[in-house]
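Open your viewer, set the chain to a cartoon view, and keep the selection box handy. We will go from stop to stop, selecting residues as we go.

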Amino acid sequence: MTAFATGTGRRAVRTAAALGTVSLALLALSACHKPSPNAHFTLGSHTASRETPEDCYGHDGPLGTERARACLENNEDVPVFTAGVGDTFRVGVDPEVAETGWLVFSNGVLYDANPFTSTYQTFDVDRLRQNDQQQNQTPGTLPERRDLRLVIAQVGEDYDMESIWSSQSQAQYEERLFGSFEGVWNVDLESGD
């Protein structure tokens, strides 16, 4: 009977140790930050996936205007692609980004005011270049070959295109637009031959 009691005691100690280990592991996991979603960029056979910097993703809501502006200008760990005339650039986002929608800016100019709600979109590089040159370009001419900074911005559920476009001032427009951003990813397209 003593051998049986000793075996049961050891089992109880092992069980308690295992439960303690599991509890510590769960506590450690709860202290970790939640990962930010990724954006995936592809040009030809070159692909880069990037998690947004921690301070450029609002896990619980919008980034806020000032933080969004800083993220738009972020130059750390930005993927760089060399893009020539006629190239196609592909953007993929995680489903949670597509759920609320995402915008594309080309050198600071909004590509389309209607957010994309798909997880994958293709863009003609020439059209991206043309997007921010439309006022100065003669119709029918090729866009100038220049470097581009593309910004992918996840918008929140409160994104209201009509309210943004009806803003009375530039400051109000930026406050409403940037204030709706929940995540920002940057990528550079350099001009190639």
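By class, how many nonpolar, polar and charged residues does the lining of the largest pocket have? The count is 7 nonpolar, 3 polar and 4 charged. Keep in mind throughout that this is a predicted model.

**Getting your bearings**

Colour by secondary structure to begin. The chain holds 6 helices and 9 strands. Of its 193 residues, 41% are buried. Among contacts with a separation of 6 or more, 72% are between residues 24 or more positions apart.

**Stop 1: the largest pocket**

Now turn to the pocket itself, which holds about 220 Å³ of space. Select Leu-72, Phe-105, Asn-107, Gly-108 and Phe-178: of the 14 lining residues, these are the closest to the pocket's centre. Then colour α2 (65-72), β8 (148-155) and α6 (170-178), the elements that each give two or more residues to the lining. Helix α6 supplies the largest share, with 5 residues.

**Stop 2: helix α6**

Stay with α6 and show the side chains of Tyr-173, Leu-177 and Phe-178, its buried residues. Look down the helix axis: these residues fall within an arc of 105°, so they line one face of α6. As a reminder, an α-helix has 3.6 residues a turn, so residues three or four places apart point the same way. What lies over the buried residues of α6? The cover includes α2, β5 (102-106), α5 (161-165) and β9 (181-191).

**Stop 3: helix α2**

Next, select Thr-65, Ala-68, Cys-71 and Leu-72, which are the buried residues of α2. Turn the view to look along this helix as well: they span an arc of only 125° around the axis, which puts them on the same side of α2. They pack against β8, α6 and β9. Leu-72 may look familiar, as this residue was among those closest to the centre of the largest pocket.

**Stop 4: the disulfide**

Keep Cys-71 selected and add Cys-56. The two form a disulfide, with their sulfur atoms 2.1 Å apart. Cys-56 sits in the loop between β2 (46-51) and α2, while Cys-71 belongs to helix α2, so to speak 15 residues along, and the pair links distant parts of the chain. Which hand does the disulfide have? The torsion about the S-S bond is about -100°, so the disulfide is left-handed. Both cysteines are buried, and a search of the whole structure finds 1 disulfide.

**Stop 5: Glu-182**

From Cys-56, step across to Glu-182 in strand β9. Is Glu-182 buried or exposed? With a relative accessible area of 15%, this residue is buried, because buried means under 20%. Setting aside residues up to four places away in sequence, Glu-182 touches Cys-56, Tyr-57, Gly-58, Gly-61, Pro-62 and Leu-63, as well as Gln-154, Val-155, Gly-156 and Glu-157.

**Stop 6: Ala-153**

Finish on strand β8 by selecting Ala-153. Ala-153 counts as buried, at 0% relative accessibility. Leaving aside neighbours within four places in sequence, Ala-153 is in contact with Gly-101, Trp-102, Leu-103, Phe-105, Phe-181 and Gly-183. One of these, Phe-105, also featured among the residues closest to the centre of the largest pocket. For a last distance label, pick the C-alpha atoms of Ala-153 and Trp-185: they are 32 residues apart along the chain and separated by 6.5 Å.

Conventions
Residues numbered from 1 in each chain as written. Predicted model: local features only at pLDDT ≥ 70, side-chain atom pairs only at ≥ 80, totals over all residues. Heavy atoms only, no water. 1 Å grid on protein atoms, 1.4 Å probe; cavity = no way out; pocket = protein on both sides within 12 Å on 5 of 7 lines; lining within 4 Å. Points joined across faces, edges and corners; volume = space filled by probe spheres on them. Helix = DSSP H or I, 4+ residues; strand = E, 2+ residues; numbered from the N terminus. Nonpolar A, V, L, I, M, F, W, Y, C, P; charged D, E, K, R; others polar. Buried < 20%, exposed > 50% of the residue type's maximum accessible area, 1.4 Å probe, protein only. Contact = heavy atoms within 4.5 Å. Arc of directions from axis to C-beta. Disulfide = S-S within 2.5 Å.
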